[in-house]
Amino acid sequence: AIGSAAANAVSYPLDLVATKLQTTTLRRLRGIRGIIRLMKYILRTEGINGLYDGLGADTASTIVSK
């Protein structure tokens with residue numbers, strides 16, 4: 001469970017960006033350039049904490065499921 005939580009913390013920013021990309025209709029956010037643009041936007045507007053928004057609940061869910 002602890003290993004899964006650690007892996008979740010490492011991969012969480014990419015999961016967050018992937019989820020945001022899947023829910024957008026903006027064409028400029030498609031492909032690898034979209035990933036980079038979105039990550040830069042989140043860092044600029046919300047800081048590093050923005051990339052980990054929701055990590056606590058997701059990690060708790062991971063631990064409970066393991």
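The following exercises, each with a worked solution, concern a predicted model of a protein.

**Exercise 1. Overall architecture**

Determine how many helices and strands the protein has, and describe its extent and its surface.

*Solution.*

Step 1. The secondary structure consists of four helices and zero strands. Read from one end of the sequence to the other, the pattern is α-α-α-α.

Step 2. Taken along the principal axes, the box filled by the C-alpha atoms is roughly 40 × 20 × 15 Å.

Step 3. The protein has 66 residues, and 24% of them count as buried. Its accessible surface comes to about 4,800 Å², with 58% belonging to carbon and sulfur atoms.

Step 4. Among contacts with a separation of 6 or more, 61% are accounted for by residues 24 or more positions apart.

**Exercise 2. The two sides of helix H4**

Identify the buried residues of helix H4 (residues 55-65), and establish how they are arranged around the axis.

*Solution.*

Step 1. In helix H4, the buried residues are Leu-55, Thr-59 and Thr-62. Because these residues cover an arc of only 60° around the axis, they lie on the same side of H4.

Step 2. The general geometry is relevant here. An α-helix has 3.6 residues a turn, so residues three or four places apart point the same way.

Step 3. The other side of H4 carries exposed residues, namely Gly-56, Ala-57, Val-64 and Ser-65.

Step 4. The packing partner of the buried residues of H4 is helix H1 (2-22).

Step 5. The two threonines can be treated individually. Thr-59 has a relative accessible area of 15% and is therefore buried, the limit being under 20%. Not counting residues up to four places away in sequence, Thr-59 touches Ala-5 and Asn-8.

Step 6. Thr-62 is at 16% relative accessibility and so also counts as buried. Leaving aside neighbours within four places in sequence, Thr-62 is in contact with Ser-4, Ala-5 and Asn-8.

**Exercise 3. The nonpolar core**

List the residues of the largest nonpolar core, and state which elements give two or more residues to this core.

*Solution.*

Step 1. The largest nonpolar core has six residues, which are Val-17, Leu-21, Leu-29, Leu-38, Ile-42 and Leu-51.

Step 2. H1 and helix H2 (31-46) are the elements that give two or more residues to this core.

Step 3. Consider Leu-29, one of the core residues. With residues up to four places away in sequence not counted, Leu-29 touches Leu-21, Thr-24, Gly-34, Arg-37 and Leu-38.

**Exercise 4. Met-39 and its contacts**

Decide whether Met-39 counts as buried, partly exposed or exposed, and name the residues that Met-39 touches.

*Solution.*

Step 1. Met-39 is located in helix H2.

Step 2. The relative accessibility of Met-39 is 24%, so this residue counts as partly exposed.

Step 3. Not counting residues up to four places away in sequence, Met-39 touches Leu-14, Val-17 and Leu-51.

Step 4. Met-39 and Leu-51 are 12 residues apart along the chain, and their C-alpha atoms are separated by 7.8 Å.

**Exercise 5. A nonpolar patch on the surface**

Characterise the nonpolar patch formed by Leu-43, Ile-48 and Tyr-52 in terms of accessible area, and classify Leu-43 and Ile-48 by exposure.

*Solution.*

Step 1. Together, Leu-43, Ile-48 and Tyr-52 have about 280 Å² of accessible area in this surface patch.

Step 2. Leu-43 is part of helix H2. Its relative accessibility is 40%, so Leu-43 counts as partly exposed.

Step 3. Ile-48 is placed in helix H3 (residues 48-51). The relative accessible area of Ile-48 is 53%, and Ile-48 is therefore exposed, the limit being over 50%.

Step 4. Leaving aside neighbours within four places in sequence, Leu-43 is in contact with Ile-48 and Leu-51. Leu-51 also belongs to the largest nonpolar core.

**Exercise 6. The start of the chain**

Locate Ala-1 relative to H1, and find the residues with which Ala-1 is in contact.

*Solution.*

Step 1. Ala-1 is in the segment before H1.

Step 2. With neighbours within four places in sequence left aside, Ala-1 is in contact with Ile-63 and Lys-66.

Step 3. A further distance involves Tyr-52, a residue of the surface patch. The C-alpha atoms of Ala-1 and Tyr-52 are separated by 19 Å, and the two residues are 51 residues apart along the chain.

Definitions and conventions: Residues are numbered from 1 along each chain as its sequence is written. This is a predicted model: local features need pLDDT of at least 70, side-chain atom pairs count only at pLDDT 80 or more; totals for chains, interfaces and linings use all residues. Side-chain values use heavy atoms; hydrogens and water are left out. Buried means under 20% relative accessible area, exposed over 50%, partly exposed in between (1.4 Å probe, protein chains only). The arc is that of the directions from the helix axis to the C-beta atoms. Contact means heavy atoms within 4.5 Å. A nonpolar core is a set of buried Ala, Val, Leu, Ile, Met, Phe, Trp, Tyr and Cys residues joined through side-chain atoms within 4.5 Å. Patches are made of residues with over 30% relative accessible area and no salt bridge: like charges are joined within 9 Å, nonpolar side chains (Val, Leu, Ile, Met, Phe, Trp, Tyr) within 5 Å. Accessible areas come from the Shrake-Rupley method with a 1.4 Å probe; for residues, only the protein chains shown count as cover. A salt bridge is a side-chain nitrogen of Lys or Arg within 4 Å of a carboxyl oxygen of Asp or Glu.
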